[in-house]
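Q: I am a first-year student, and I would like a close look at a single part of this protein, followed outward into its surroundings. Please walk me through it carefully and connect each step to the one before.

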Amino acid sequence: MNATPGTASVALLRTIGAPALAGKIVLDVGVGFLEDGSLWHPDVSLGEEIQRAFPETRVVKTLCTIDRKVMVAPESLEGPATVFLSGEDAEAKTVVRGLVTDLGWADDALLDLGGIDTARGQEHFALLFMGIATATGTYEFGIRVVLPSAAGSGSQGLPRGQGAP
């Protein structure tokens, strides 16, 4: 698990070494904040940076859209929240899905966003997360993806598993 400060994660993982990480699954929860509150990696995600630096490592980004207390206590929320998964390796995402459900998250709370490039959305949510925390006075909250009802949508939508252009 990478739970290191996002501004130092790649350098810290390099001290372990690419050979030691080859073939391993790295569950990445890190986000790189600078002192001014902006993101260290505005054009990519830390998950992508780790994947590029360690191409033989199976990186899965998850749990970075919730507070550390909520990560391990989803039942502390008043209702269900969504946890996102991003990564290139389907088997690695299955393993991480199991770990997250072991923490108490319902399987239907997990949403696979696709490849590691989708980790950008998870990490950039950190800026909105801080705004919500300031507005509510707490870091202990979740977000939920709410889809339209079958009867009321009327929109065509995207084919499942395909992002917006």
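A: In this predicted model, Lys93 is in contact with Val60, Leu85, Ser86, Gly87, Asp112 and Gly114, once its neighbours within four places in sequence are left aside. Lys93 itself lies in helix 5, and because its relative accessibility is 8%, Lys93 counts as buried. A useful comparison is offered by Thr94, which also has its place in helix 5 but counts as exposed because its relative accessibility is 54%. The C-alpha atom of Thr94 is 9.9 Å from that of Asp112, although these two residues are 18 places apart in sequence.

Among the contacts of Lys93 is Ser86, and this serine deserves a careful look of its own. Ser86 is found in strand 3, which covers residues 83-87, and with a relative accessibility of 0% it counts as buried, since the cut-off for that word is under 20%. Leaving out residues up to four places away in sequence, the contacts of Ser86 include Val59, Val60 and Lys61 on the one hand and Leu113, Gly114, Gly115 and Ile116 on the other, together with Lys93 itself. Thr118, Ala119 and Gln122 are also touched by Ser86. Two of these partners take part in polar pairings: the side chain of Ser86 makes a polar contact with the side chain of Thr118 at 2.7 Å, while the backbone nitrogen of Ala119 lies 3.4 Å from a polar atom of the side chain of Ser86.

Another residue to follow from here is Val96, which touches Ile25, Leu27, Val60, Thr62 and Leu85, again without counting residues up to four places away in sequence. Val60 and Leu85 appear in the contact list of Lys93 as well as in that of Val96. Val96 also belongs to the largest nonpolar core, which has 17 residues, and together with Leu63, Ile66, Val83, Val100, Trp105 and Leu110 it is among those that touch the most other members. Helix 4 (68-71), strand 3 and helix 5 (90-102) each supply at least two residues of this core, and the largest share, 3 residues, comes from helix 5. A second, separate core of 10 residues includes Leu21, Val26, Phe54 and Ala119, so-called neighbours of Ser86 being represented there by Ala119.

Within the largest core, Leu63 has a detail that is easy to miss. Leu63 is found in the loop between strand 2 and helix 4, and because its relative accessibility is 2%, it counts as buried. Most residues other than glycine have a negative phi. Leu63, however, has a positive phi of about 65° although it is not a glycine.

The second core also leads to another part of the chain, because Leu21 and Val26, which are among its members, are contacts of Thr57. Thr57 lies in the loop between helix 3 and strand 2, and it is buried, with a relative accessible area of 3%. Apart from neighbours within four places in sequence, Thr57 is in contact with Leu21, Ala22, Gly23, Lys24, Val26 and Gln51. The backbone oxygen of Leu21 lies 3.1 Å from a polar atom of the side chain of Thr57.

Gln51, a contact of Thr57, is one of the buried residues of helix 3, a group that also holds Leu46, Gly47, Glu48 and Ile50. The buried residues of this helix pack against helix 1, strand 1, strand 2 (58-62) and helix 6 (119-136). With helix 1 (residues 9-16), helix 3 (residues 46-53) packs at an angle of about 30°, and the two axes are 10 Å apart. Because angles under 35 degrees count as roughly parallel, helix 1 is described as roughly parallel to helix 3. The crossing of the two helices is right-handed, and the contact is made by Ser9, Val10, Leu13 and Arg14 of helix 1 and by Leu46, Glu49, Ile50 and Ala53 of helix 3.

Finally, the loop between strand 1 (25-28) and helix 3 contains Gly37, which counts as partly exposed because its relative accessibility is 35%. Gly37 and Ala135 are 98 residues apart in sequence, and their C-alpha atoms are 16 Å apart in space.

Key
Residues numbered from 1 in each chain as written. Predicted model: local features only at pLDDT ≥ 70, side-chain atom pairs only at ≥ 80, totals over all residues. Heavy atoms only, no water. Helix = DSSP H or I, 4+ residues; strand = E, 2+ residues; numbered from the N terminus. Buried < 20%, exposed > 50% of the residue type's maximum accessible area, 1.4 Å probe, protein only. Polar contact = N/O pair within 3.5 Å; in protein donor to acceptor, adjacent residues only side chain to side chain. Contact = heavy atoms within 4.5 Å. Core = buried A, V, L, I, M, F, W, Y, C linked by side-chain atoms within 4.5 Å. Axes fitted to C-alpha atoms, helices over the stretch in contact; angles between N-to-C directions. Parallel < 35°, antiparallel > 145°, perpendicular 65-115°, else oblique. Left-handed = near helix turned anticlockwise from the far one by under 90°.
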